[in-house]
Amino acid sequence: MSTEFLTICELCKRKGVNLTEHHLTPREAGGKNLPTALLCTTCHKQIHALFTNKELALNLNTVQKLHDDEKIQRYLKWVEKQPVSAEFTIKKSRHVRKKNKR
Ligand SMILES: [Zn+2]
Ligand SMILES: [Zn+2]
């Protein structure tokens, strides 16, 4: 048995990843004291690239809902084949870029 501290992403379930805290309801939408999920940096970036904070707060405020989303399903199929150490540049989808503009 390894004594190495094993980190597991709550979304893609890959082990040994760098975890970051994701506010399931974004802080901007009042989620400051609401549950968070520990996600690898790749999943975390992916979520914020696909969805606006408003969409996250309204429709995707649990890990299960995120997991069941069609776009995330497609992403998960892809990411499970990627090495844990890989760093990705993830582009925000146009609709997120547009909506976040003030
Ligand atoms: Zn992940
Ligand atoms: Zn987040």
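**A zinc site, a buried histidine and a nonpolar core**

E70 and R74 are joined by a salt bridge, with their closest N and O atoms 3.3 Å apart. In this predicted model, the structure holds one salt bridge. Both partners belong to helix α4, where four residues, or about one turn of the helix, separate them. An α-helix has 3.6 residues a turn, so residues three or four places apart point the same way. Side chains of opposite charge can pair when their charged atoms come close. E70 and R74 are both exposed.

A good place to turn next is the metal site. The zinc ion (ligand 1) is held by the SG atoms of C9, C12, C40 and C43, at 2.2 to 2.4 Å. Along the chain, these donors follow the spacing C-x2-C-x27-C-x2-C. The arrangement around the zinc ion (ligand 1) is tetrahedral because the four donor atoms subtend angles of 104 to 116°. For comparison, the ideal angle for four tetrahedral donors is 109.5 degrees. Two of the donors can be followed into the protein interior: C40 has a relative accessibility of 1% and therefore counts as buried, and C43, at 0%, counts as buried too. Another donor, C9, touches R14, V17, L19, L38, L39, C40 and C43, leaving out residues up to four places away in sequence.

C9 and C43 also appear in the largest nonpolar core, which has 20 residues; C9, L11, C43 and I47 are those with the most contacts inside it. Two or more residues of this core come from each of β2 (36-40), α1, α3 (63-68) and α4 (70-79). The element that gives the most is α4, with four residues. Helix α4 thus returns here, having already supplied both ends of the salt bridge.

Helix α1 spans residues 41-50 and is mostly covered, with seven of its ten residues buried. The buried positions in α1 are T42, C43, H44, Q46, I47, A49 and L50. Among them, C43 is a zinc donor, while I47 is in contact with H22.

H22 itself lies in strand β1 (residues 19-23). With a relative accessibility of 1%, H22 counts as buried, because the cut-off for that class is under 20%. The side chains of H22 and H48 are joined by a polar contact of 3.3 Å. Beyond its neighbours within four places in sequence, H22 is in contact with P35, T36, A37, L39, H44, I47, H48, L56 and L66.

Notes. Residues are numbered from 1 along each chain as its sequence is written. Chains are lettered from A and ligands numbered from 1 in the order in which they are written. This is a predicted model: local features need pLDDT of at least 70, side-chain atom pairs count only at pLDDT 80 or more; totals for chains, interfaces and linings use all residues. Side-chain values use heavy atoms; hydrogens and water are left out. Donors are N, O and S atoms within 2.8 Å of the metal (3.2 Å for Na, K and Ca); water is not among the atoms, so sites may look incomplete. Four donors count as tetrahedral if all angles lie between 85 and 135 degrees; four count as square planar and six as octahedral if opposite donors are over 155 degrees apart and all others between 65 and 115; anything else is irregular. Buried means under 20% relative accessible area, exposed over 50%, partly exposed in between (1.4 Å probe, protein chains only). A polar contact is a pair of N or O atoms within 3.5 Å; within protein, one must be able to donate a hydrogen and the other to accept it, and residues adjacent in sequence count only if both atoms are side-chain atoms. Contact means heavy atoms within 4.5 Å. A nonpolar core is a set of buried Ala, Val, Leu, Ile, Met, Phe, Trp, Tyr and Cys residues joined through side-chain atoms within 4.5 Å. A salt bridge is a side-chain nitrogen of Lys or Arg within 4 Å of a carboxyl oxygen of Asp or Glu.
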